[in-house]
Amino acid sequence: MARRSSNLRFQPSGGSRATQVPVGKKQKLTIERLAGDGRGIAFEGGRTWFVSGALAGEEVEARVLSARSQTVEARAERIIVASSERRTPPCINADHCGGCNLQHMPHAEQLALKQRTLAEQLSRLGGVQPDEWAAPLVGPELGYRRRARIAVRWDAKARQLQVGFRAEASQDIVAIDQCPVLVQPLQPIFSALPALLRSLEKPQAVGHVELFSGTAEALLLRHTAALAEADLSRLRAFCSEHDAQLWLQGEGPPQPDEPSAELGFELQRWHLQLAYRPGDFVQVNGLVNEAMVAQALDWLKAQPGERVLDLFCGLGNFALPLARQAAEVVAVEGVAAMVQRAADNARHNGLDNAHFYRADLSKPLVNETWARGGFAAVLLDPPRDGALEAVRGMSELGARRLVYVSCNPTTLARDAAELLQQGYRLRRAGILDMFAQTAHVEAMALFDKPET
């Protein structure tokens with residue numbers, strides 16, 4: 001595998017007299033290398049071009065999607081000279097859909113790109129590299145998404161409902177009736193969905209649709225106006241045919257058409273089942289999620305007599321398995337509804353040593369009552385903006401082991417620098433391939449603090 005420079009240079013703009021590059025313009029380009037998000041980088045006309053669908057070393061004809069004074073975003077529409085690493089995308093819609101932007105790249109190269117991105121961010125922003133790199137945590141390349149949101153828009157001029165996924169850098173909807181990254185139980189529902197929605201008497205009332213797969217399959221329809229009784233009957237018949245729950249959402253939160261309907265997913269190796277509702281955060285990749293939880297618990301090594309803290313706990317994805325190991329788990333989340341569902345999940349799984357609290361995790365933690373007494377270990381799984389305030393107070397919590405699960409290498413690197421200032425050391429790090437065929441990088445890092 002060829003080495004690629006980690007230094008990102010920008011072409012001089014040519015001054016204020018540089019003319020604007022029009023959207024839609026086609027330009028021949030030579031791709032020098034890849035950016036961290038998988039787009040090719042080229043230099044032309046005094047500007048830096050970021051080209052999706054291109055690989056390093058290729059010559060392409062690209063169409064401009066947007067332009068600023070020094071940078072241009074474009075998409076490769078014709079490959080003039082192809083890289084030896086290029087492959088045929090597994091999805092026939094890859095050239096149009098904005099969802100999976102790395103399908104033209106072999107999976108091994110996708111993993112290498114994500115690994116480079118994580119290493120570069122840790123080095124550049126955090127000034128650190130781990131003592132040990134963990135092997136990438138991977139799942140299937142295709143058929144892994146257990147949740148999907150389908151875009152819907154009523155075209156008043158054509159009097160037709162558009163159904164599909166958003167095109168890249170556009171509000172346009174690409175009509176799609178098959179998606180190879182969806183789990184198999186959702187495939188027939190997804191394929192039949194456009195015809196169902198277009199058959200409704202009031203298709204313009206449909207806002208969007210979401211599909212879910214876990215302990216049951218479900219369809220959530222968001223509607224902007226009251227549904228006609230005939231349309232409700234069609235939706236019920238469709239869901240009955242596909243053995244799926246029907247959920248509806250008007251002005252309030254999603255509600256099941258059948259009050260007894262429940263959604264959930266399993267963590268099989270811990271014999272746990274977690275319930276959730278549409279709108280709750282659930283990892284889209286069930287197999288990688290379970291492997292991720294197992295790796296986090298293995299790295300954290302919670303002992304039977306220890307008290308462990310789980311920050312940004314959500315539904316209890318980590319807290320409940322941790323409760324199988326530790327003496328006590330204190331789990332904290334900012335959303336009250338999630339705190340309640342996590343507590344319900346613990347109770348339904350017979351766990352009485354996991355305790356759940358709501359707190360604003362963007363504020364100092366040491367004054368919280370649940371923080372008193374300290375912790376032997378901490379697990380964090382924050383959103384994209386990271387956990388800076390939480391890690392600033394980490395030393396005061398007494399934890400000597402910390403596992404940080406990240407969906408954004410930039411904020412992980414920033415927070416790693418803060419942890420290093422508090423005496424922690426980055427022992428191990430690695431990527432999690434939660435979103436195969438995309439450039440999205442998830443990662444896990446293990447920090448510890450030596451005894452003084």
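The expected span of a helix is taken as 1.5 Å times one less than its number of residues. In this predicted model, helix α1, which covers residues 107-126, has 20 residues and should therefore span 28 Å, a value with which the 28 Å separation of its end C-alpha atoms agrees. Of these 20 residues 14 are buried, so that α1 is largely enclosed by the rest of the structure. Immediately after α1, Gly127 adopts a positive phi of about 65 degrees.

Helix α4 was examined in the same terms. Its 15 residues reach 21 Å from the first C-alpha to the last, close to the 21 Å expected at 1.5 Å a residue. At the start of α4, a side-chain oxygen of Asn285 comes to within 3.4 Å of the backbone nitrogen of Leu287, whereas just after the helix Lys301 takes a positive phi of about 55 degrees. Helix α4 is mostly covered, with 12 of its 15 residues buried; among them are the polar residues Asn289, Glu290 and Gln295, together with Met292, Trp299 and Leu300.

The largest nonpolar core comprises 88 residues, within which Leu197, Val209, Leu219, Phe356 and Val403 have the most contacts. The greatest contribution to this core comes from helix α4 (residues 286-300), which supplies 9 residues. When neighbours within four places in sequence are set aside, Val403 is in contact with Ala296, Trp299 and Leu300, and also with Val378, Leu379, Leu380, Met444, Ala445 and Leu446. Apart from the largest core lies another, of 37 residues, which includes Leu118, Leu361, Val391 and Tyr404.

Notes
Residues numbered from 1 in each chain as written. Predicted model: local features only at pLDDT ≥ 70, side-chain atom pairs only at ≥ 80, totals over all residues. Heavy atoms only, no water. Core = buried A, V, L, I, M, F, W, Y, C linked by side-chain atoms within 4.5 Å. Buried < 20%, exposed > 50% of the residue type's maximum accessible area, 1.4 Å probe, protein only. Helix = DSSP H or I, 4+ residues; strand = E, 2+ residues; numbered from the N terminus. Contact = heavy atoms within 4.5 Å. Polar contact = N/O pair within 3.5 Å; in protein donor to acceptor, adjacent residues only side chain to side chain.
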